[in-house]
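Trainee: I would like to understand how the wording used to describe a structure follows from its definitions. Please set each value against the rule behind it.

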Amino acid sequence: MTLNEITTRIEALRGKRLDMLGKDFLLTWEKSAEELEATFLVAEILRGMRGNAISPRLWDSGLAVSLFKDNSTRTRFSYASACNLLGLAVQDFEETKSQVAHGETVRETAAMISFLTEAIGIRDDIFLGEGDRFQREIAGALDDAVASGVLPSRPVVVNLQSDIDHPTQAMADALHLVNHFGGVDRLKGKKIAMTWAYSPSYGKPLSVPQGIIGLMTRFGMEVSLAYPEGYTLIPETVELARRQAMASGGSFTVSDSMEEAFKNADVVYPKSWAPYAVMQERTKLLRAGDDASLKELERSCLANNARYREWECNEKMMSLTREALYMHCLPADISGVSCAQGEVAASVFDRFRVPTYREAGYKPYVIAAMILLARVRRPTEALEALLRRKSPRFLEE
Amino acid sequence: MTLNEITTRIEALRGKRLDMLGKDFLLTWEKSAEELEATFLVAEILRGMRGNAISPRLWDSGLAVSLFKDNSTRTRFSYASACNLLGLAVQDFEETKSQVAHGETVRETAAMISFLTEAIGIRDDIFLGEGDRFQREIAGALDDAVASGVLPSRPVVVNLQSDIDHPTQAMADALHLVNHFGGVDRLKGKKIAMTWAYSPSYGKPLSVPQGIIGLMTRFGMEVSLAYPEGYTLIPETVELARRQAMASGGSFTVSDSMEEAFKNADVVYPKSWAPYAVMQERTKLLRAGDDASLKELERSCLANNARYREWECNEKMMSLTREALYMHCLPADISGVSCAQGEVAASVFDRFRVPTYREAGYKPYVIAAMILLARVRRPTEALEALLRRKSPRFLEE
Amino acid sequence: MTLNEITTRIEALRGKRLDMLGKDFLLTWEKSAEELEATFLVAEILRGMRGNAISPRLWDSGLAVSLFKDNSTRTRFSYASACNLLGLAVQDFEETKSQVAHGETVRETAAMISFLTEAIGIRDDIFLGEGDRFQREIAGALDDAVASGVLPSRPVVVNLQSDIDHPTQAMADALHLVNHFGGVDRLKGKKIAMTWAYSPSYGKPLSVPQGIIGLMTRFGMEVSLAYPEGYTLIPETVELARRQAMASGGSFTVSDSMEEAFKNADVVYPKSWAPYAVMQERTKLLRAGDDASLKELERSCLANNARYREWECNEKMMSLTREALYMHCLPADISGVSCAQGEVAASVFDRFRVPTYREAGYKPYVIAAMILLARVRRPTEALEALLRRKSPRFLEE
């Protein structure tokens, strides 16, 4: 990206009507279309600065808390990279992976970790009905703490995956598409197949497919969701996708045929997940600590999965598409590589390995953009100031 | 805080006679009254700079080691915030929570983690007779390593809670009082009730009550310690409080009545702890690895606790006071909220939630002040230099 | 070190022919003699800057990944210090200490943790035939990711101990000798005894003795390796030492007598390790998860160790030397201190404690030098720029 291209994007940003200051990034559908576009623009501007050896360090000091209730490698490193790029030091908040504490404890903890904190990234995706609620509980506690003068400023909460949405993933995915097709406008009319795919594992969260249908229906895309009978998502997120598709001039269809979804698709996103009903049952059993029933649930769920082994993204499936772009949030279950049979054939994955890596590479910048837009009063002016400052990210560049 | 108020505090600091350079902060009673006041002043100056968007970053690089032998959320984040504010990167030293290693191992470890280290924060409060000793062993090893030229400079050791004192807590508590009453001088004659309170838990350390009576008796306060029969503290710390109260023109009394302590109190600090004798026995059993006896000790201690359920800070108790300020190091055991019955009634805690959060909010600045005063040769000049430098903590502020 | 002495070293650096840019530091014998000398020079220049309060911070932001598959205190802190000194924030990559994942997983992980990463330090020394292979797999994956445009720049991989070499240790040890004897040239003809020593523990890696014979034979030293029958190293590393000694005009001998090795030695490095054959067997059993056989292997290995209790570095042994310098990578097993009988007598260790600590103190600077030389296009110019910039490491210095 040239400096001119960076400047062009800053100009584009200037035109956006934004109400992002002090607002958390929890669900993409709580942001306006212009705000989503602004997030893409800022992510690209920051990536451009990195490429031009210009430091976008906004803070001289400040903490960024990371609170992961589930394992993570790529999101953890993306968050760490984003915070570091802006000048924040990451401090992990280690919580046992047990049931989430609520009420007084959350309210107090939120304040106690935030006296000099600028951002709080949270992954909480294990319990249905918990993750999003927990993030809002933290957010509410932070609001109270700022209102009562306990905190000097309001850290932004960034959803690093909840039970409902995975906005840093979906936004990185979307930015990948924007660059692949040559602009947000070019997404209109493109068909994307978000489909279930077979995997010999169980209990994968619903947040990625929900995040994808919840975001891609914003851009006038033809979003085709497909899964075997019973592998439904949270009903409200499906309803939302339907409404959004209508509003954006796109379409949203649900079927039980991978072939139908792939047919003439420009983009395919085949990925395993557990049925909504299983996740509800699992949440109940996890809460009850009923290990025996959990074992049995896993067994029966895997047995059910096995009935749909043909849901694999292979060359035959790909041939149905319009030379579609394959996407995945990684790691994918690759047939004959990471498992005997999985979500995607090795030949398909091999062809798209580099694009999927590039897809993942947008995440640090997307997270940095989310933080910047929530914390900076005049983003355009701040970015221009960074360009003028031209502080080198690396002595020698 | 205005820039003028910051300048006034720097002027006040100029007048203090200090011998803090190169000295660790292990026990408040090893510091002179002027040194304690200097610590308050620097903490407030740093807080003022934060409020005025001026970065107090002293270091361009350097490590701050954190060594926690016990769990911690608020002190861990306070230490991380303080170090980050001054420009230091926190590096955790992970030790298994087992018995402390001594001798050669400590001497060597102290040097090995300190080649480019500026501060070492240590929490070691589980074993009576261990925590303070361990911190001094580390400190001695650092002295040796500097004297023999192994280390280029001497990192400061900050006690983040030992078996004897919890100076970062007590100093934050005291600064809260200073600001509440309008100056260190205003503490004189104020009555503070440091009392035991019932909790359905066991084995809480003695360092907070000891830290409070060991510090508040320095300011001419009327310190009233109260606990049920048998819940004594380490005798030497009680003796010390007595002597200090006399020297400072205050008073120090011990009783077995919460009512008596609360009567006409200006400040109350009701908090559970385990009896000294139990802690001694527990230390012996932990060392011996005698799990059966530990279980039995816990059972009998909890049974004994239960005889004193009426030691609760409730509205009736509060009505005995002179509209006292309620204090707690958090988290408190709140009746009907975090437990069926606990240290404090929900209505009392609710009324004082914000003040207790604010109390905790002083800790990062107190820790930063401790580090600054131990490492900076001319604190007044350095703070003036920071004010002049006016390096922004955040680009946009 | 005076500023003049720093400048002299920069001049010496200017004369070196280097091909280190973009190259990992995995084995010392992959580096030319001039490159090793350049590493010493840069380490000393950085140490000199630290002593003169000049910040050598090259990066304004950037991550340094640390990936430890084995426990570590001193190397972990050395790496953290080095990265911090250069301006990088350390982010731990936590992997369970199980068998190493390979193939797709490694390829993907390497890219995912590197989008804004400048250095990756890896310790992987448990499985024979694994550590070095794993580091090269990561390195290859990084090359691919840069070539395909996934990564904007190539992080350097630094070997923080593999099954074959421990270059940050050996280079720090060598720099200690360089400064002890007054120059790299002075090492020629000096006799160093790298000997096995008794320890009541088992399974210590081979990388330190291999690293020492693999490095010290580069400088024309008389390297004398000694161990009891059966305690062989990886044959290829011994063969390499032999060839290098010949090429450098030194010598390399192997014997089964500690006395012979110590005789007239200028330097002694007595240290326990497990026999190559035992490590091979152990690797096989660890892979198979055969705990019973592992227990039996440990038992028989310890029993065999016990036959060589007289392999202790005591005063009698030291009297055979030319007032040799005692070296150790620490922690040493000290007779009567850390164990009943061990590698070194207490009186010998006591006399050399400070020198061994100083030896360890070179490691942060050696690591920083490795990173700098792999990432900076024109090291001489960059170091001169740092000197000119004169950015203070600490406000007050």
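Trainee: Why are strand 6 and strand 7 of chain A said to pair, and is the sense parallel or antiparallel?

Mentor: Strand 6 (residues 222–226) of chain A and strand 7 of chain A are joined over 5 bridges in the parallel sense, and two strands pair if DSSP finds at least two bridges between them, so the requirement is met. The elements are DSSP runs numbered from the N terminus, helices being H or I with at least four residues and strands E with at least two. As an example of a bridge, A:Ser224 has A:Thr253 in strand 7 of chain A as its partner.

Trainee: How far should I trust such details, and how do the numbers and letters arise?

Mentor: This is a predicted model, in which local features need pLDDT of at least 70 and side-chain atom pairs count only at pLDDT 80 or more, whereas totals for chains, interfaces and linings use all residues. Residues are numbered from 1 along each chain as its sequence is written, while chains are lettered from A and ligands numbered from 1 in the order in which they are written.

Trainee: What makes strand 7 of chain A an edge strand?

Mentor: The open sheet of chain A has 5 strands in the order 7-6-5-8-9, with parallel pairing, and strand 7 (251–255) and strand 9 (325–326) of chain A are its edges, since each pairs on one side only. Helix 8 (residues 235–248) of chain A lies across strand 6 and strand 7 of chain A, and runs at about 145° to strand 7 of chain A.

Trainee: Why is helix 6 of chain B called oblique to helix 13 of chain B?

Mentor: Helix 6 (residues 167–181) and helix 13 (residues 346–361) of chain B pack at an angle of about 120°, with their axes 8 Å apart. Angles under 35 degrees count as roughly parallel, over 145 as roughly antiparallel and 65 to 115 as roughly perpendicular, with the rest oblique; the angle belongs to none of the named ranges, and therefore helix 6 of chain B is oblique to helix 13 of chain B. The angle is taken between N-to-C directions on a scale from 0 to 180 degrees, using lines fitted to C-alpha atoms over the stretch in contact.

Trainee: Which residues make that contact, and how do you know their classes?

Mentor: Helix 6 of chain B contributes B:Ala172, B:Asp173 and B:His176, and helix 13 of chain B contributes B:Arg358, B:Glu359 and B:Ala360, where contact requires C-beta atoms, placed from the backbone, within 7 Å. Ala, Val, Leu, Ile, Met, Phe, Trp, Tyr, Cys and Pro count as nonpolar, Asp, Glu, Lys and Arg as charged, and the others, Gly among them, as polar, so this contact has 2 nonpolar, 1 polar and 3 charged residues.

Trainee: What does chain C offer to chain B, and what to chain A?

Mentor: The contact with chain B takes 30 residues from chain C and 23 residues from chain B; helix 3 of chain C gives the largest share of the chain C side, 6 residues, and that side has 15 nonpolar, 9 polar and 6 charged residues. The contact with chain A takes 23 residues from chain C and 30 residues from chain A, and here helix 4 of chain C gives the most, with 5 residues, while the chain C side divides into 15 nonpolar, 4 polar and 4 charged.

Note on methods. Contact = placed C-beta atoms within 7 Å.
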